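Biologist: Could you take a close look at the salt bridges in this model for me, and say how the partners sit with respect to the surface?

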Amino acid sequence: MRIYHRPGAGRPLRIVWTLEELGAPYELVIMSPEESASDEHRSRHPLGRVPVLDDGEGMVFESSALCLHVADLHPDAGLIPAVGTHDRALVYQWAFFSMTEIEPPAVESRRRRERWPELSDAAAERVRGGVAVIEEALNGKEYLVADRFTVADIIASGVLRVAVRVGAYEPSGRTAEYLSVMAARPAMQRAIARLG
Ligand SMILES: N[C@@H](CCC(=O)N[C@@H](CS)C(=O)NCC(=O)O)C(=O)O
């Protein structure tokens, strides 16, 4: 397993954290800005983005796809419920929900902030709507799926971290608590240390 990362990028944390939770060996390639803009990197990711995973058979991109894939490679680690179960469907649900309903408006709210503050506020409102859904799902529960830590928590909390980082929302209440519990996981700490 080889992960391609660029300093300052927030999304590679998800896959490195997943690998650390699994205790799976991996190599981390930290590219310079020039390397990440090169044709060589575009041959890994057509838009030149990170993270990219080389799983030994080829390249895979899209951070949540990487997390789901490596969790599948270690079914006994318990990070992902069995294929075809309701809990597995819930993992997909939270992965897609976070990646489509929260991350894009969070990034949009950051991009529009200076020149189009009203559009930025509208995007931040959409982020808050998505976060409220996660808050509600966590009401009285520690984790999103099956009362245990799964890759859904890695993806959802990873997206929430990006939303906080770009200033799209201020964590409070249950999501603030959830983010601190996730951040305190030793595997997450190791991932942060590896990424620098
Ligand atoms: N949806 C993609 C987004 C990837 C992405 O935008 N990554 C950022 C770093 S966190 C990037 O490479 N940005 C460089 C660029 O946009 O050129 C994923 O989740 O992997």
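Modeller: R126 has a relative accessible area of 44% in this predicted model, and it therefore counts as partly exposed, since that class lies between under 20% for buried and over 50% for exposed. The side chain of R126 meets that of E108 in a salt bridge, with 2.9 Å from N to O. This pair links distant parts of the chain, for E108 belongs to helix α5 and R126 to helix α6 (residues 117–137), 18 residues apart. E108, at 25% relative accessibility, is likewise partly exposed.

Within helix α6 there is a salt bridge between the side chains of R128 and E125, again given as 2.9 Å from N to O, and because these two are three residues apart in that helix, about one helical turn separates them. R128 is partly exposed at a relative accessible area of 42%, and E125 is partly exposed at 48%. Elsewhere, R2, E27 and D54 are joined into one network by salt bridges that share partners.

Returning to helix α5 (residues 86–112), R88 lies in that helix and D72 in helix α4 (residues 63–72), and the pair, 16 residues apart, links distant parts of the chain. Their side chains meet in a salt bridge of 2.9 Å, N to O. Here the partners fall into separate classes: R88 is buried, because its relative accessible area of 4% is under 20%, whereas D72 is partly exposed at 35%. With a side-chain nitrogen of Lys or Arg within 4 Å of a carboxyl oxygen of Asp or Glu as the rule, the count comes to 13 salt bridges.

Key
Residues are numbered from 1 along each chain as its sequence is written. This is a predicted model: local features need pLDDT of at least 70, side-chain atom pairs count only at pLDDT 80 or more; totals for chains, interfaces and linings use all residues. Side-chain values use heavy atoms; hydrogens and water are left out. Helices (H or I, at least four residues) and strands (E, at least two) are DSSP runs, numbered from the N terminus. Buried means under 20% relative accessible area, exposed over 50%, partly exposed in between (1.4 Å probe, protein chains only).
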